[in-house]
Amino acid sequence: MKYISGACDSGFLKSITIAGALIALPMSSSAAGVTAEDIINDATTTGDVVSYGMGTQGQRWSPLAKINDKNISSLAPAYTFSFGGEKMRGQEAQPLVHNGVIYTTASYNRVFAINAETGMQIWKYEHRLPEGILPCCDVVNRGGALFDNLFIFGTLDAQLVALDTATGEIVWKQSLGDFKAGHSSTAAPIIAEDKVIIGVAGGEFGIVGMLRGFDAKTGKLVWERPTIEGHIGTLNGKPNGMTGKLNATWPGDLWKVGGGAPWNSGTYDHETKTIMWGTGNPAPWNSHMRPGDNLYAISTIAVDPDTGKIKWHFQYTPNEAWDYDGTNHTVAFNKGDKKLASHADRNGFFYTLDRTNGKLVNAFPFVEGHSWATSIDLKTGRPIEAGKRPGNPAESADGKKGSVITVSPSFLGGTNWMGMAYGQNTGLFYIPANEMGMDLWNEPVTYKKGAAYMGAGFSIKPLFDDYIGVLRAYDPMTGKKAFEVKNKGPLWGGVMATAGNLVFYGTPEGHFKAIHSKTGKELWSYNTGSGIVGSPITWEQGGEQFVAVPSGWGAAVPLWGGEVAKQIEGINQGASLVVFKLY
Amino acid sequence: MMFKIKLVRLSVFIIYCACLFTGQVHAETEAGITSGILKFAAYDNFPPYSYQAANGKAEGIDVDIARALAEKLGLKANIRLVFADESLEDDLRVYVWKGHHVTGPPADVMLHIPYDENLMKREDKISFIAPYFEDQVVVAADPEQLGSNPQITAFFSNKIGVERVTMADGYLLGAYRGQIRNNVLHYHSIPEAIQALLKKDVTAVMGMRTEIESALDDSKNKYQIGLMQMPGIAKASWDQGLAVKASNQALSKSLQDAMTSLINDGTIKNIFNKYNASYHIPAAKINYPQE
């Protein structure tokens, strides 16, 4: 289509509200810029938050303890910043903080720079979305990356945009694909040394997943790594080896349209120089049409940050059949001299891997509802399936609905996109989980773009009367559950743990909560006025510890019908960043 | 919010929008359209039905049909080319009965909507009306490679192209216990698959007749295009019609009348032929619901 290049190249709208916007760009801003070292050390430096996951290992852990289990009752709002306008919808971002400025994305691909002390806006960037775009799952964005004097984020129309942190003006931008073919970007990019790494969304449309590394300073593409076997990666524009082995785990040419979209964020472990990124489900949806494991869909792939080569992989759900995307974060942590990484998968199992080689160390279910598989074989890493695989549509080809299977988790997963937290003081992982099941059946005649195809039907339902969401704390080594805190509606936001014996998380009902990190006892709660689907952060400034969380109901949750919808009726929209400190 | 208002008639909505955005209010026509403009939604990037031509304007069989319908009703056609979502149900919600917070309010009528009893039962917010042709799953086979009158079993050992995530795709992957599966080559569109057929990368293409015929264009006569015995296929043909919001009965009736007239006077057939495609009258008997 002709208008793609036209509209996208010229159609970006900058909305700069900085005073004195005519000032020339500060060319010597690198002195105050974020360095690669700042990012690598982010988890231990308390004066800033310069990476997604509050440290590239993705632990969402802060060593700050000024706010703690003893004084949390004095935590109160310092200010509320409104994302304003007529644009609300889901606020799924994790903000960043550097040099006293908060940088955060908001719905509709807006970016705000906010004075962290006063809550006053410094600048705003509004990305103009092209006409005809239809984002699959609301207009969310999950955050950006800071590098040098740049704030870098992905857009719904599949662009990677770098803004000047001083002015909000575009410094560079790169295409991540064609939004008309279903490509999109909602996840936060990450920085690995001097590269910015981002995946692409759109697995629903059968695109092949792709991870890309760009020179963070210039935006120049350095490497591409397709996530599905048979495709060739590139390094500096030259072929750089095939992903996997052609037709090893895929029949025919289905690998060409095999899905595996890495639509969520990844993590970067500086200790082993490894990027770890989760991949989405394979296509087409029915597993009988693609016998084989279908690598590297539903896997964590470990990638070299310099070359984009795959070092190792671990697949969670071989020959996946239930839409259990494997895109959840793989969080790096150490236990003694063991270098480990944990991943709570949509399939309902919690995995711990040796992050030097991808070997499975431990796996256990973190939801009650995991009827698709009884357990994970610790020797092979493969699930012990429980006979709940949807049937072969070719065997019931009379044009009628296939037999219904009832299975859990639902395709929304035991957990979804949101980040869990690791408590360095407790050794526990805090997982935002949901207990839902689904009815699933073959629908031999489903229509798409006016044409029939063999699709699926589904209906989601809560598994228990009194709750869907549940925050669970697990020891990754023993699989022992330390505690759980139930919630009526599904949990859809990130979690944060701090050295103050606190775990923070938000609920769709709008409550931002702090619980004791050892017992799960609720110590504090604040009603933010709209549902929370974003991720909290904390930092210190001027001797005080601040905590911030985006509030704003939306994302994929309100799109579901049926019984789950009843649990979330009456939640009002909102769009704000709420910042707290002790009073 | 606008989307939550339960509208009894679409015309109420039109008045609301017109006042708000243009300040123009036209007299209500018999079709219940007050603005003088009938708003159509048609799929983008969908040759030969609806696509953006080199001159930037919407073009194709469905676009021509929309213009002909509007003309019959004494209205001006506004044709919006839209993105196909994951399923037809999504498209009906976004473009016909509800709208979307990014794409805006829905159109008055959407083209190329399957006329299927099961859909009618499920989608109570939609009137499925005016079927205007029968769409068929056919095979275009290269006689130079396959000889005359090949059977489906020819693809146990010969390559066949399909558009991904279609009935043809799903059928061939599963048929004969997967014996065809490894010979199925996947393309992003029928025009792409037809290019492969012309280059003899594949021996045949399976897909929807109109798209195949139109993509073959002048080469059409060199290939055998037809229905093939396909044991176990879930659905090999269906009618295509229009979708209108269920509450807008006046518009539905006017469009049904107009379509009947355009079928009977040969206009629809001529439009198909203009795009190098044969015309197949809908299988459904066109009944108008009684008021």
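What follows is a walk through chain B, its two domains, its contact with chain A, and one buried residue. The model is predicted.

Start with chain B as a whole. Chain B holds 10 helices and 11 strands. Of its 291 residues, 55% are buried. Many of its contacts span long stretches of sequence. Taking contacts between residues at least 6 apart in sequence, 70% join residues at least 24 apart.

Now divide the chain. Domain 1 of chain B comprises 7-134 + 240-274, and domain 2 covers 135-226. Domain 1 is thus written in two segments, given on either side of domain 2. The C-alpha centres of the two domains are 31 Å apart. Their contact draws on 10 residues from domain 1 of chain B and six residues from domain 2 of chain B.

How much area do domain 1 and domain 2 of chain B bury between them? The figure is about 620 Å², with 54% of it on carbon and sulfur atoms. On the domain 1 side, Pro48(B), Tyr49(B) and Glu134(B) lose the most area to domain 2. Together these three account for 60% of what that side buries. By class, the domain 1 side has seven nonpolar, two polar and one charged residues. The rule finds zero salt bridges across this domain interface. It does find three residue pairs in polar contact, with both residues at pLDDT 80 or more.

Next, turn to the contact between the chains. Here 44 residues come from chain B and 41 residues from chain A. Interface size is often given as the accessible area lost when the parts come together. Chain B and chain A bury about 3900 Å² between them. Carbon and sulfur atoms carry 62% of that area. In chain B, Phe83(B), Glu86(B) and His101(B) lose the most area to chain A. Their joint share is 18% of what the chain B side buries.

Which polar links cross between the chains? The rule finds one salt bridge across the interface of chain B and chain A. The side chains of Lys180(A) and Asp44(B) meet in a salt bridge at 2.3 Å, N to O. There are also 13 residue pairs in polar contact across this interface, both residues being at pLDDT 80 or more.

Several elements of chain B supply the side that touches chain A. Those giving two or more residues are α3 (88-97), β5 (109-115), α4 (117-122), α6 (167-178), β8 (184-187) and β11 (237-245). Helix α6(B) gives the most, with six residues. By class, the chain B side divides into 19 nonpolar, 15 polar and 10 charged residues.

Finally, look at Gln136(B). This residue sits in strand β6 of chain B, residues 126-141. Is Gln136(B) buried or exposed? Its relative accessibility is 8%, so Gln136(B) counts as buried. The cut-off for buried is under 20%.

Its surroundings include residues far along the chain. Gln136(B) and Met208(B) are 72 residues apart in sequence, yet their C-alpha atoms are separated by 5.5 Å. Beyond neighbours within four places in sequence, Gln136(B) is in contact with Gly207(B), Met208(B), Arg209(B), Leu227(B), Ala236(B), Ser237(B) and His280(B). With Arg209(B), the link includes a side-chain polar contact of 2.6 Å. The side chain of Gln136(B) also makes a polar contact of 2.8 Å with the side chain of Glu134(B). Glu134(B) appeared earlier, among the domain 1 residues that lose the most area to domain 2 of chain B.

How values were computed: Residues are numbered from 1 along each chain as its sequence is written. Chains are lettered from A and ligands numbered from 1 in the order in which they are written. Side-chain values use heavy atoms; hydrogens and water are left out. Domain bounds come from an automatic or database domain assignment. Contact means heavy atoms within 4.5 Å. Buried area is the accessible area (1.4 Å probe) that two parts lose on being put together, summed over both. A salt bridge is a side-chain nitrogen of Lys or Arg within 4 Å of a carboxyl oxygen of Asp or Glu. A polar contact is a pair of N or O atoms within 3.5 Å; within protein, one must be able to donate a hydrogen and the other to accept it, and residues adjacent in sequence count only if both atoms are side-chain atoms. Ala, Val, Leu, Ile, Met, Phe, Trp, Tyr, Cys and Pro count as nonpolar, Asp, Glu, Lys and Arg as charged, and the others, Gly among them, as polar. Helices (H or I, at least four residues) and strands (E, at least two) are DSSP runs, numbered from the N terminus. Buried means under 20% relative accessible area, exposed over 50%, partly exposed in between (1.4 Å probe, protein chains only).
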